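User: I have a model open and would like to go through how its ligand contacts and helix packing get their labels. Could you take me through the reasoning?

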Amino acid sequence: MTKTMKNIDSFGHLRGESLFVDDVITKQNTLVGLVFDSTCAHGKIIKIDYSQAEKVEGITRIFTHKDILGINQIGGIIPDEPLWAKDEVHFTGQPIAFIVAKNELIAKKARALIQIEFENLPVITTAKAAKNKDSFINEPRSFKLGDTEKSFADCHHIYKGETFTNGQEHLYLETQGCYAYPLENGNIKIISSTQGPTQVQKATSKVLGVAMHKIEVDVTRLGGGFGGKEDQATAWAIMAAVAVQHLKKPVKYILNRHDDLRMTGKRHPYESSFKIGLDKDLKIKAFEAEFLQNSGASADLSPAIAERTLFHATNCYFVPNVKTTVYSCKTNLPPNTAFRGFGGPQGMFVIESAIAQAASALGIDKRLIQKTNLISENDTFSYGQITTNAEAVNSWISAEEKFDLVGLEKEINHFNEKNDRFKKGMAVMPIAFGISFTNTPMNHARALVHIYQDGSVGISTAAVEMGQSVNTKMLQIAADTLGIDPEKVKIETTNTTRVANTSPSAASSTADLNGKAVLKACLSLQERLNTVAAKMYNVNEENISFESNFVFIDFKKTTYLWQDVVAQAMLERVALTENAHYATPKIHFDKAKEKGHPFAYHVYGTSITTITLDCLQGTYEIDAVKIIHDFGKSMNMGVDMGQVEGALVQGIGWMTMEEISYDDKGKLLSNALSTYKIPDIFSVPKKVEIIPLETSGNQMAIYRSKAVGEPPLMYGIGTYFAIQNAIKSFNQEYKLTFNSPYTPEKVLMDLYKNKG
Ligand code: MTE
Ligand code: HPA
Ligand code: MOS
């Protein structure tokens with residue numbers, strides 16, 4: 001098959017020809033939208049006066065909650081979020097009104113003229129403060145395995161600690177945006193930069209008070225989503241649609257970067273605590289953790305993210321006694337949302353911290369505890385899923401051998417003995433990440449495949465292209481299954497009228513779910529064409545196959561062409577369109593018992609991070625990250641390597657430099673790229689080496705090619721512990737802190753704290 005195919009968008013991107021929502025040619029007299037949002041993080045709206053703003057020349061209309069003909073509610077999991085605030089505001093940046101004008105300049109001018117008065121109410125910005133005030137999104141959830149209390153009584157070593165991981169800004173290159181316009185009979189078409197077109201359609205229909213079939217959502221592609229457009233692309237699309245409903249005119253709204261940063265939620269900050277118990281052989285016998293998730297002002301996807309934190313709270317380790325609890329804490333921040341890893345990274349950081357704490361107290365290397373406790377075949381995760389095809393040990397051993405861990409350690413020790421100012425540190429980070437939406441009913445997809453009568457093919461699925469190259473993978477599957485050249489296949493936009501009732505492109509599952517549906521549809525079509533060809537060439541169906549546009553008989557190439565068979569099928573009135581449905585088999589989860597088999601499979605891998613720390617300045621460089629990654633049987637190694645590299649760097653950014661900061665009044669301080677630092681070319685590892693783990697893959701994955709979008713982000717966590725190890729060799733009195741991101745400022749403090 002076409003395993004080396006380049007991302008099919010690369011030429012278009014390079015030439016600037018790819019169409020993002022802002023590039024779609026708009027209709028004449030398209031109006032422009034702009035949100036007026038709250039400057040107060042928690043308060044009652046005492047008075048709003050739009051009169052000055054409405055007088056600005058070029059203002060069409062200002063929309064508020066009063067203009068909603070359906071319901072003023074956009075909460076997906078829990079109905080707790082109005083589209084536009086009515087009497088109260090709950091976070092700075094909460095939308096209150098939508099200004100529609102001739103152009104953005106005019107809209108901005110009007111926005112500055114809106115007069116608003118608030119009665120301030122108490123503001124909560126941290127999860128802990130929320131918990132102290134019993135301010136929650138929903139009930140807490142707990143996973144339990146065995147009996148931790150009993151087990152702790154038998155443990156030789158017990159350690160406790162606290163951790164913090166900060167949020168993370170998605171910083172997709174393309175900000176949020178949409179373009180909506182009226183069709184006939186009150187129907188509306190929305191082009192949206194969303195990962196979840198059906199979510200946009202459903203929520204729009206509710207707010208507008210119209211049936212779902214009146215709303216068509218189309219997605220060309222995204223300039224990055226990273227989870228930030230799974231739920232949070234919806235509000236803007238609805239606002240534009242409300243305006244279209246009233247004005248019967250096209251309305252476009254592309255958020256500028258400042259507005260996007262201020263108004264959208266981010267990765268959830270977590271404040272957590274742990275208790276870990278080990279026996280004398282370093283086996284982890286018991287693990288307890290309490291996770292305080294800073295959910296922001298409304299639920300958004302927080303409950304699902306909290307759930308995934310519990311799923312990944314023991315990472316890739318087998319722990320026989322587990323008790324983990326997560327609280328979704330309601331604060332006065334923008335609702336936090338999905339971000340690559342979806343709560344998993346936050347969970348994994350805590351057990352890695354617990355292991356580091358234990359190792360430090362025992363005066364041993366963290367690696368010893370990690371390696372001793374890797375999950376193996378037939379072990380049980382805390383949620384009841386029994387491990388099959390476990391690759392944790394394999395990937396660890398493979399990393400040890402292929403990257404000469406012993407040699408690396410010697411080198412580092414040698415360096416540290418010789419150097420005073422600079423110290424090196426190393427950490428190993430093994431991962432296991434579950435693939436499937438944790439909410440079982442979401443694991444399905446459909447594909448609509450047309451073969452046109454000239455032999456060209458058009459494919460529609462629910463997959464949204466956001467840079468992860470899912471369209472390339474869909475194309476590979478179709479070309480491969482039908483036995484035709486890739487040039488004959490076109491991947492259509494993602495559109496709710498062609499493929500309906502879809503799950504968002506998320507959970508790293510897009511290629512698996514949609515790919516399996518494409519495969520199924522293409523297999524059906526191929527079977528039909530086999531019948532036609534068999535008749536044409538007077539052989540049995542079993543003897544026919546297609547490859548590179550040619551008919552093969554008994555695996556021998558003939559001069560007969562694919563398009564001739566298609567043309568004949570047309571004459572014989574054979575259906576050249578197929579619509580296939582795929583639902584992940586075997587998975588289930590019982591929320592009452594918190595047990596089941598939620599994941600189709602797990603992705604494993606092990607990374608080794610080495611860093612050099614400047615102990616005078618607190619600055620550090622990442623020398624190398626070496627990774628053994630479980631791709632299964634990668635269907636496109638170029639694309640998948642890119643996913644590993646991108647996710648790794650995003651994980652490193654989260655752990656080391658990306659510092660979201662709100663003041664105690666709930667105002668975002670890190671509101672520009674001058675105050676929020678993400679990794680650039682100078683801060684990425686000097687070397688990244690990725691070696692695929694040799695496995696047979698997993699049949700639940702499309703072509704046995706395992707999902708790759710999110711898992712490698714968690715290799716970034718190793719950076720934190722590599723830095724810790726470097727500090728340790730400089731400052732023997734260093735007491736481990738688990739407070740991410742480990743910025744050079746914090747590192748500098750820890751280098752000299754209590755140092756003799
Ligand atoms: N890669 C790029 N270039 N851009 C993105 O927005 N999103 C990530 C990951 N890789 C993303 C990306 C996230 S959060 C997920 S869930 C997966 O891609 C989604 O795509 P997949 O299911 O096809 O892996
Ligand atoms: N992962 C990502 N997105 C999701 C999930 C999940 O498990 N569930 C709902 N949305
Ligand atoms: Mo990814 S966080 O599941 O969009």
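User: What makes the pair formed by ligand 2 and the side chain of E230 a polar contact?

Analyst: Happy to help, and please keep in mind that this is a predicted model. A nitrogen atom of ligand 2 is 2.6 Å from an N or O atom in the side chain of E230. A polar contact is a pair of N or O atoms within 3.5 Å, so this pair counts as one.

User: Which other residues have an N or O atom paired with an oxygen atom of ligand 2?

Analyst: The side chain of R308 has an N or O atom 3.2 Å from an oxygen atom of ligand 2. For T438 the partner is a polar backbone atom, 3.1 Å from an oxygen atom of the ligand. On its own ligand 2 exposes 260 Å², and the protein buries 98% of that.

User: How is the shell around ligand 2 divided by class?

Analyst: It has five nonpolar residues, one polar and two charged. E230 and R308 are in this shell, and Glu and Arg count as charged. F342, F437, M442, A506 and A507 also surround the ligand; Phe, Met and Ala count as nonpolar.

User: What about ligand 1: how do you know that T510 makes a polar contact with it?

Analyst: An oxygen atom of ligand 1 is 2.5 Å from an N or O atom in the side chain of T510. The cut-off is 3.5 Å, so the pair qualifies. A nitrogen atom of ligand 1 is 3.2 Å from an N or O atom in the R340 side chain, and a nitrogen atom of the ligand is also 3.2 Å from a polar backbone atom of G467. The protein covers 92% of the 510 Å² of accessible area that ligand 1 has on its own. Its shell has five nonpolar, ten polar and two charged residues.

User: Now the helices. Why are α10 and α18 called roughly parallel?

Analyst: The axes of α10 (residues 344–362) and α18 (residues 717–730) cross at roughly 25° and come within 10 Å. Angles under 35 degrees count as roughly parallel, so the label fits this pair. The crossing of α10 past α18 is right-handed.

User: And why is α6 described as oblique to α7?

Analyst: Helix α6 (residues 197–208) packs against helix α7 (residues 234–247) at an angle of about 45°, with the axes 9 Å apart. Roughly parallel needs an angle under 35 degrees and roughly perpendicular needs 65 to 115, so α6 is oblique to α7. α6 passes α7 in a right-handed crossing.

Definitions and conventions: Residues numbered from 1 in each chain as written. Chains lettered and ligands numbered in written order. Predicted model: local features only at pLDDT ≥ 70, side-chain atom pairs only at ≥ 80, totals over all residues. Heavy atoms only, no water. Polar contact = N/O pair within 3.5 Å; in protein donor to acceptor, adjacent residues only side chain to side chain. Areas by Shrake-Rupley, 256 points an atom, 1.4 Å probe, with all protein chains shown as cover. Near = heavy atom within 4 Å. Axes fitted to C-alpha atoms, helices over the stretch in contact; angles between N-to-C directions. Helix = DSSP H or I, 4+ residues; strand = E, 2+ residues; numbered from the N terminus. Parallel < 35°, antiparallel > 145°, perpendicular 65-115°, else oblique. Left-handed = near helix turned anticlockwise from the far one by under 90°.
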